[in-house]
Amino acid sequence: MAQRIAVVTGAASGIGLAVAQALATDGDQVVMADVNAAAGEQEAEKIGALFVKADLSQRSGCRQLIDTTLDRFGRVDILISNAGIQHVSPVEDFPEDKWDFMISLMLTAPFLLTKYSWPSMKQNCWGRIIHINSVHGLIASPFKSAYISAKHGVSGLTKTTALEGGPLGITVNSICPAYVRTPLVDNQIADQAKTHGLSEDEVIEQIMLKNAAVKRLIEPSEIGDLVTYLCSDKAACFTGSCLTMDCGWTAT
Ligand code: NAD
C-alpha cells in the first residue's frame with residue numbers, strides 16, 4: 001500500500017498526541033484533529049502532520065474532518081477516535097448539558113467518523129478503526145455516569161462495526177486502558193486530592209491504583225505502541241475486541 005492516511009482525534013494532547021507521534025514514526029501520513037488549534041498546530045508541525053481544527057461534539061465538525069482529509073489525500077485508511085473529556089458528579093446533580101456534550105463527543109462522534117470513513121476503507125478493501133475506549137467501557141465506578149455510558153456504547157459500536165467490516169477488510173477494535181499519565185488524569189488527581197483531603201501521591205496510590213496489580217500509571221506512548229501493532233497486517237485477526245491495558249484492574 002502507498003503511504004497510509006491516518007486520522008487521529010483529540011491529537012493535541014495526551015494519548016491522541018502519543019498515537020499521532022507513533023503512527024508518524026511508523027511512516028503514516030497523519031491528520032491530527034482537535035478543538036485546541038494552538039497546541040495542535042504546534043505538535044502537527046513537529047511530525048509533518050496536517051492539523052484540522054474541529055469541534056467533534058458537532059456533527060458538522062466530524063463531517064468537515066473527514067471531508068478535509070479526503071480532499072487533501074483522497075483516502076482514509078486508519079481512524080483513531082480518541083477525543084474525550086471527564087466530568088465527575090453524583091447522578092442527581094449531573095448537569096444535563098454536560099451529559100449531552102459528552103455523549104456527542106464520546107459516542108456519537110466515533111459513530112459519525114466511522115460512518116464517514118467507511119466508504120473509503122470499503123473501496124480500498126482495507127481499514128483500521130481503533131477507539132480509545134477505557135476500562136470504564138467494561139466496568140463502572142460511581143459518579144461518572146456520562147463517561148461510563150458513552151464508553152460502554154463505544155464497546156457496542158466496536159463489536160457491531162467489526163461484524164460489518166470483516167468481509168470488507170476493515171478491522172475495528174477498542175483499547176481499554178486504566179489510568180494513563182495525561183492532562184485529563186492530572187486534573188482528576190488534583191480534584192480528588194481536594195475532595196478527599198489527600199496528597200496527590202496518596203490519590204494515585206490509594207484511589208487510582210487500588211485495584212491494579214501493576215502499581216503505576218500507564219504512559220501514553222504505551223498506547224501508541226499498541227495502536228501501531230493493531231494497524232499492522234500482523235493484527236488482521238484482531239477485530240471486535242475491547243483490549244484491556246489496565247494493569248490487572250479487571251482481573252480482580
Ligand atoms: P487529554 O485531555 O490529554 O486529551 C484530550 C484531547 O481531546 C485534548 O487535546 C482536547 O482538546 C481534545 N478535545 C476535547 N474536546 C474536544 C472536542 N469537542 N473536539 C475535538 N477535540 C476535543 O485526555 P487523554 O487522557 O489523552 O484522553 C484521551 C482519550 O483517552 C479519551 O477518550 C479518554 O476517555 C481516554 N482514556 C484516558 C485515560 C486516562 O487515564 N488518561 C484512561 C482511559 C481512557
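At 42% relative accessibility, Asp 186 is classed as partly exposed. In this predicted model, the residue has its place in helix H6, which covers residues 183-196. Asp 186 also belongs to a negative surface patch, whose other members are Glu 200, Asp 201, Glu 202 and Glu 205. The greatest contribution to the negative patch comes from helix H7 (residues 200-208), which supplies four residues. Membership of a patch requires over 30% relative accessible area and no salt bridge. The value of 42% computed for Asp 186 therefore satisfies the accessibility part of that requirement, which is set at over 30%.

Opposite charges are paired elsewhere in the model. In total, the structure holds eight salt bridges. One of them joins the side chains of Arg 4 and Asp 26, with an N to O distance of 3.7 Å. Arg 4 is situated in the segment before strand E1 (5-9), whereas Asp 26 is in the loop between helix H1 (14-25) and strand E2 (29-34), so the pair ties together parts separated by 22 residues in sequence. The two partners differ in their surroundings: Arg 4 is buried, with a relative accessible area of 14%, while Asp 26 is partly exposed, at 44%. The pair also takes part in a network of salt bridges that links Arg 4, Asp 26 and Asp 28.

A salt bridge within a helix is formed by the side chains of Arg 63 and Asp 67, at 3.3 Å from N to O. These residues are four positions apart in helix H3, which means that about one helical turn separates them. Both are partly exposed, Arg 63 with a relative accessible area of 36% and Asp 67 with 31%. A further salt bridge connects the side chains of Glu 222 and Arg 216, for which the N to O distance is 2.9 Å. Here too the partners are partly exposed, with relative accessibility of 25% for Glu 222 and 39% for Arg 216.

Helix H3, spanning residues 59-73, also contains Leu 70. The relative accessible area of Leu 70 is 27%, and the residue therefore counts as partly exposed. Apart from neighbours within four places in sequence, Leu 70 makes contact with Arg 75, Val 76 and Ser 120. By contrast, a separation of 28 Å lies between the C-alpha atoms of Leu 70 and Ala 150, which are 80 residues apart along the chain.

Another pair that is distant in sequence involves Gln 123, located in helix H4 (residues 96-124). Gln 123 and Gly 169 are 46 residues apart in sequence, and their C-alpha atoms are 9.9 Å apart in space. Gln 123 is exposed, with a relative accessible area of 67%.

Asn 173, in strand E6 (residues 170-177), provides an example of a buried residue, as its relative accessible area is 1%. When neighbours within four places in sequence are set aside, the contacts of Asn 173 are with Ile 129, Ile 130, His 131, Thr 158, Leu 230, Phe 238, Thr 239, Gly 240, Ser 241 and Leu 243. Several of these partners can be assigned to elements of the model. Ile 129, Ile 130 and His 131 fall within the residue range of strand E5 (127-132), and Leu 243 falls within that of strand E7 (242-245). Thr 158 falls within the range of helix H5 (145-165).

Positive phi values in residues other than glycine were also examined. Phe 143 has a positive phi near 75° and is not a glycine. Phe 143 is part of the loop between strand E5 (127-132) and helix H5 (145-165). At 47% relative accessibility, Phe 143 counts as partly exposed, because that class lies between the limits of 20% and 50%. Cys 247, likewise not a glycine, has a positive phi of about 55°. Cys 247 occurs in the segment after strand E7 (242-245). With a relative accessible area of 16%, Cys 247 is buried, since the buried class comprises values under 20%.

Terms used:
Residues numbered from 1 in each chain as written. Predicted model: local features only at pLDDT ≥ 70, side-chain atom pairs only at ≥ 80, totals over all residues. Heavy atoms only, no water. Patch = residues over 30% accessible without salt bridge, like charges linked within 9 Å, V, L, I, M, F, W, Y side chains within 5 Å. Areas by Shrake-Rupley, 256 points an atom, 1.4 Å probe, with all protein chains shown as cover. Salt bridge = Lys/Arg side-chain N within 4 Å of Asp/Glu carboxyl O. Lys, Arg positive; Asp, Glu negative; His and termini not counted. Charge placed at Lys NZ, Arg CZ, Asp CG, Glu CD. Helix = DSSP H or I, 4+ residues; strand = E, 2+ residues; numbered from the N terminus. Buried < 20%, exposed > 50% of the residue type's maximum accessible area, 1.4 Å probe, protein only. Contact = heavy atoms within 4.5 Å.
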